[in-house]
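This report goes through the surface, fold, cysteines, loops and selected residues of one protein chain. The sequence and structure come first.

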Amino acid sequence: PYFLRGLFLSLFLCFLMKNRNIKMTMIDCGLLLILLFNGVSLFTTSNIISETKEFIQCSYVLFYYFLLRYWIKDMLGCEKILLIYAICIGFLSILATAYFFLFKNDIYELEFSSLYDFRFLFRPLGLPNNEWASLQILFAGIVSFAFCINKNAKIRIFYICIGILVLLQILWSFSRGMYLSFVILIIGILAVVGRDLNKKYRWICGVFLFVIIGFTLLYPLEVQKTLKMNETVSQQRSIDCRINMWDTTEDILKEHCWGTGSHTYPMVMDKYLQGDERTESYTSYAMNLISQLLVEKGIPGFLLYLLLFFIVLCYVIQKKDKRVWIIFVFLLTFICREQTFSTFLNSIRIQWLFYTLLAFIQIPVLKEDMVNIKGKYIYLLPLIIWLLCFTGIQWIERNNVYNKECSVAVKYGDWKKAAEWIEKTNRITPYLINRGIIYTYLYDYTLNKLYLQKADS
């Protein structure tokens with residue numbers, strides 16, 4: 001509740017900014033514009049609690065991004081932090097691999113012949129299968145970049161082993177979107193590496209090809225169903241929903257060109273698609289990143305993210321370093337993946353790794369790529385942002401405490417006490433809904449029209 005991690009990052013960032021010249025790239029400026037937009041959205045959103053949480057999450061991730069930018073100045077420092085990342089990725093992948101075999105044994109013990117129809121039950125490390133699969137693209141980007149900049153043969157073999165584990169996570173996700181993204185990734189890597197793929201590295205391609213072929217032979221039915229794309233009923237429904245999604249997105253934009261607010265996509269789409277009816281199934285994830293940006297952020301927010309994409313694209317085009325291009329291929333592959341299952345706006349883990357790669361892509365930063373930022377106290381900006389986040393957290397906690405006390409009073413049947421507690425909350429959703437319920441009950445119980453008026457208001 002005190003955002004201590006954010007405080008630590010902001011203080012460290014203030015220290016780095018004070019002791020070094022503050023210079024920013026165009027990518028930095030694009031990210032700050034997005035943060036500024038999230039701040040402005042606090043005054044325009046219909047769900048201020050979700051928007052406040054989004055602002056805090058965005059600030060937290062950008063603290064870390066700028067920390068990497070100002071802390072790591074050369075490839076030597078980059079190698080060290082990439083090794084730490086790779087060790088963590090390897091450890092998580094080993095745990096997820098063990099979990100997959102436990103999951104597989106449970107399915108086979110129930111005498112089912114295929115894992116494909118139960119893939120939605122696979123939640124490695126507690127994450128949904130699709131979110132975990134999306135993380136693998138960013139994991140692979142970090143490991144590949146680490147492999148490129150490190151010349152130690154033993155460490156490179158270690159990176160290859162981790163790469164195999166990451167590849168397995170992609171393969172047994174049995175996700176159509178991931179398989180398509182993997183094809184795009186291979187094409188992109190070959191286009192960048194091209195003639196440089198000499199005999200020294202061809203054996204690595206052979207190892208990964210052997211893993212893919214071996215996996216296909218072990219799970220032929222699951223791979224076949226995944227590659228057919230439109231065979232099962234769930235696949236057909238998924239494609240139909242994606243087609244209808246764009247018409248619904250257009251309808252929403254006509255009424256909410258400035259967006260409906262962060263994390264509102266599932267509720268808004270459900271309202272426009274189903275009306276007052278409610279479906280049996282419900283997901284907190286969007287089917288497409290572009291659609292989610294347009295619905296939640298509106299046209300202005302979408303244009304800001306589009307601007308960031310073109311800034312990164314122009315930056316990469318200017319570079320002749322193939323290591324930069326390799327990172328960009330992974331980022332582009334991830335964006336393609338997001339068009340089949342969007343996780344970026346919902347997951348702080350995804351944003352953390354995505355912005356980490358954006359920071360790595362700018363190491364080392366050349367003088368011609370930077371803009372000097374002048375200001376005597378500009379280095380205090382991270383601490384000011386943390387104070388805003390801290391205030392927002394306390395405001396949310398205060399309302400949650402009052403709402404919890406209200407719920408306890410309702411549990412024990414003390415409706416008047418519940419009304420006293422709910423009155424202390426701000427007049428925003430979801431607390432307005434709880435007020436309406438409590439005052440409606442009090443009117444039914446007492447027939448006092450004052451309660452009815454309060455319920456209406």
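## Surface and charge

In this predicted model, the protein exposes about 24000 Å². Carbon and sulfur atoms supply 66% of that area.

The charged side chains comprise 46 positive and 34 negative ones. The centres of these two sets lie 11 Å apart.

## Overall fold and dimensions

The secondary structure consists of 18 helices and two strands. Along the principal axes, the C-alpha trace spans about 85 × 70 × 40 Å. The radius of gyration is 25 Å, which agrees with the value near 23 Å that a compact globule of 457 residues would have.

Of the 457 residues, 48% are buried. Counting contacts between residues at least 6 apart in sequence, 77% join residues at least 24 apart.

## Cysteines

How many disulfides does the structure hold? The number is zero. Cys14 is in no disulfide, and the nearest cysteine sulfur to that of Cys14 belongs to Cys389, 13 Å away. A disulfide needs the two sulfur atoms within 2.5 Å, so the 13 Å between Cys14 and Cys389 does not qualify. Cys14 is buried, with a relative accessible area of 8%.

Cys29 is in no disulfide either. For Cys29 the nearest cysteine sulfur is that of Cys314, at 14 Å. With a relative accessibility of 27%, Cys29 counts as partly exposed.

## The loop between α4 and α5

Helix α4 covers residues 75–109 and helix α5 covers 129–149. The loop between them contains Glu111, and Leu125 has its place there too.

Both residues have a positive phi without being glycine: about 65° for Glu111 and near 55° for Leu125. Is Glu111 buried or exposed? Glu111 counts as exposed, at 72% relative accessibility. Leu125, at 38%, counts as partly exposed.

## Helix α3: Ser59 and Tyr60

Helix α3 runs over residues 48–71 and includes Ser59; Tyr60 is also in α3. Ser59 is buried, with a relative accessible area of 1%. Tyr60 counts as buried as well, at 10% relative accessibility.

Which residues does Ser59 touch, not counting residues up to four places away in sequence? They are Leu35, Ile385 and Cys389. The Cys389 touched by Ser59 is also the residue that holds the nearest cysteine sulfur to Cys14. Ser59 and Leu388 are 329 residues apart in sequence, yet their C-alpha atoms are 9.9 Å apart in space.

Tyr60 has its own set of contacts outside the four-place neighbourhood: Phe3, Arg5, Gly6, Leu9, Ile348 and Trp352. One of these, Ile348, is the residue at which helix α14 (348–360) begins. For Tyr60 and Asn152, which are 92 residues apart along the chain, the C-alpha separation is 34 Å.

## Ile363 and helix α13

Ile363 lies in the loop between α14 (348–360) and β2 (370–372). Its relative accessible area is 6%, and Ile363 is therefore buried, the cut-off being under 20%. Beyond four places in sequence, Ile363 touches Ile72, Lys73, Asp74, Met75 and Cys78. Among them, Met75 and Cys78 fall within the range 75–109 of helix α4.

The C-alpha atoms of Ile363 and Val324 are separated by 8.9 Å, with their positions 39 residues apart along the chain. Helix α13 spans residues 322–338 and contains Trp325. Trp325 counts as partly exposed, at 27% relative accessibility. With residues up to four places away left out, Trp325 touches Val192, Val316, Ile317 and Lys319. Trp325 and Arg398 are 73 residues apart in sequence, and their C-alpha atoms are 47 Å apart in space.

How values were computed: Residues numbered from 1 in each chain as written. Predicted model: local features only at pLDDT ≥ 70, side-chain atom pairs only at ≥ 80, totals over all residues. Heavy atoms only, no water. Helix = DSSP H or I, 4+ residues; strand = E, 2+ residues; numbered from the N terminus. Rg over C-alpha atoms; globule rule 2.2 N^0.38 Å. Buried < 20%, exposed > 50% of the residue type's maximum accessible area, 1.4 Å probe, protein only. Contact = heavy atoms within 4.5 Å. Areas by Shrake-Rupley, 256 points an atom, 1.4 Å probe, with all protein chains shown as cover. Lys, Arg positive; Asp, Glu negative; His and termini not counted. Charge placed at Lys NZ, Arg CZ, Asp CG, Glu CD.
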